[in-house]
Amino acid sequence: MSLLELLVEASDSDLDTLGALTLLREHISEANDVLSDRPVLHHPLGFLQVRLYDFNGRTVRLHFWRSDSYRPRFPYWPVHAHPYSLRSLVLSGAVYQTTYQVDNAPDGPTHRVYEVEYRADGSTRRPTEHLVTAVPTRSYICSAGSRYEIPTSEYHQTTPHASPGITLVITGYPDGSPARVLGDVSIPAVHDYPVVQTADELRGACLRDFERLLI
């Protein structure tokens with residue numbers, strides 16, 4: 001069984017950060033081989049990511065939360081929901097997490113729901129007629145050695161807190177619905193975000209930060 005399959009299997013059995021680091025260190029050559037040919041991409045929400053594994057809709061990713069490269073694309077709408085559950089293991093640094101209660105709001109809405117379409121060459125946010133209110137319910141810091149879990153369709157936002165942060169993200173099976181983002185109520189518009197790879201220097205800095213964790 002490959003390292004990435006082991007991570008997914010262990011995640012289904014309550015994998016924690018220490019367990020993930022142990023698996024990575026035990027399979028350090030395989031981890032380095034996987035990373036050697038994977039691009040580091042800028043996500044529209046500002047962080048950097050490497051997709052390590054895709055199988056039947058489930059993924060294993062590394063997210064890099066660096067203050068020197070955190071550049072969300074316009075418009076910056078950080079509150080979003082996934083069509084799958086996820087477990088995020090904080091390998092280094094820290095991230096700031098906020099969850100939201102979102103309710104239908106025909107009167108006095110605060111946000112419009114946008115649906116996100118992902119493609120190999122990028123993603124597109126499309127407005128819907130669904131208007132809602134969104135209220136923060138919990139905010140907390142997730143530091144190295146901790147983990148956080150986001151249920152399917154829960155609205156949340158994540159931002160860097162202590163740089164450089166690295167999280168290992170393992171997702172569950174998608175439920176078939178689109179990803180969703182909470183945007184401005186007014187002026188609905190379509191937003192396209194082509195894939196953007198990092199420059200070689202930044203990619204090298206990210207991978208060196210990760211490699212230091214495994215020594």
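**A covered strand, a pocket and a cavity**

Strand 10 is covered on both of its faces, with Ala179, Val181 and Gly183 buried on one side and Arg180 and Leu182 buried on the other. The model described here is a predicted one. Put as a tally, five of the five residues in strand 10 (residues 179-183) are buried. In general, side chains in a regular strand alternate between the two faces of the sheet. Two other strands pair with strand 10. Strand 4 (residues 80-81) does so in the antiparallel sense, over two bridges, and here His80 stands opposite Val181. Strand 6 (residues 111-119) also runs antiparallel to strand 10, this time over five bridges. Glu115 has Arg180 as its bridge partner in strand 10, and that arginine sits on the face it shares with Leu182.

Turning to open space, the largest pocket comes out at about 900 Å³. Its lining takes in 43 residues, and those nearest the centre are His43, Gln49, Arg51, Arg61 and Tyr118. Strand 3 (residues 58-65) is the top contributor to this lining, giving four residues. The pocket lining is a mix by class: 23 residues are nonpolar, 13 are polar and seven are charged.

Closed space is another matter. Searching the whole structure turns up one cavity of 30 Å³ or more, and the volume of the largest cavity is about 60 Å³. Around the cavity sit Leu3, Leu4, Leu7, Leu24, Ala31, Val34, Leu35, Leu52, Leu62 and Phe210. Helix 1 (3-11) and helix 3 (28-36) are the elements that each supply two or more of these lining residues. As for class, the cavity lining has 10 nonpolar residues, with no polar and no charged ones.

Phe210, one of the residues lining the cavity, belongs to helix 4, where it is buried along with Leu202, Gly204, Ala205, Cys206, Leu207, Asp209 and Leu213. As a general point, an α-helix has 3.6 residues a turn, so residues three or four places apart point the same way. The length of helix 4 (residues 200-213) checks out too: at 1.5 Å a residue its 14 residues should span 20 Å, and the end C-alpha atoms are indeed 20 Å apart.

Helix 4 also brings in the cysteines, through Cys206. The structure as a whole contains zero disulfides. Cys142 is in none, and the nearest cysteine sulfur to its own, that of Cys206, lies 20 Å away. That separation is too far for a bond, so Cys206 is left without a partner in Cys142, its closest cysteine by sulfur position. Both cysteines are tucked away: Cys142 counts as buried because its relative accessibility is 3%, and Cys206 is buried because its relative accessible area is 0%.

A few backbone details round off the picture. Most residues other than glycine have a negative phi, and most peptide bonds are trans. Two peptide bonds here are cis. One joins Phe74 and Pro75, with omega at about -10°, and Pro75 lies in the loop between strand 3 and strand 4. The other runs from Ser163 to Pro164, with omega near 0°, and this proline lies within strand 9 (residues 156-171). Positive phi values turn up at Asp14, near 75°, and at Asn56, about 55°. Asp14 is placed in the loop between helix 1 and helix 2 (17-26), while Asn56 is in the loop between strand 2 (48-55) and strand 3. Asn56 counts as exposed because its relative accessibility is 55%.

Definitions and conventions: Residues are numbered from 1 along each chain as its sequence is written. This is a predicted model: local features need pLDDT of at least 70, side-chain atom pairs count only at pLDDT 80 or more; totals for chains, interfaces and linings use all residues. Side-chain values use heavy atoms; hydrogens and water are left out. On a 1 Å grid over the protein atoms alone, a cavity is a set of points where a 1.4 Å probe fits but cannot get out, and a pocket is an open set with protein on both sides within 12 Å along at least five of seven lines; lining residues have an atom within 4 Å of a point. Grid points are joined across faces, edges and corners, and a volume is the space filled by probe spheres set on the points. Ala, Val, Leu, Ile, Met, Phe, Trp, Tyr, Cys and Pro count as nonpolar, Asp, Glu, Lys and Arg as charged, and the others, Gly among them, as polar. The expected span of a helix is 1.5 Å times one less than its number of residues. Buried means under 20% relative accessible area, exposed over 50%, partly exposed in between (1.4 Å probe, protein chains only). A disulfide is a pair of cysteine sulfur atoms within 2.5 Å. Two strands pair if DSSP finds at least two bridges between them.
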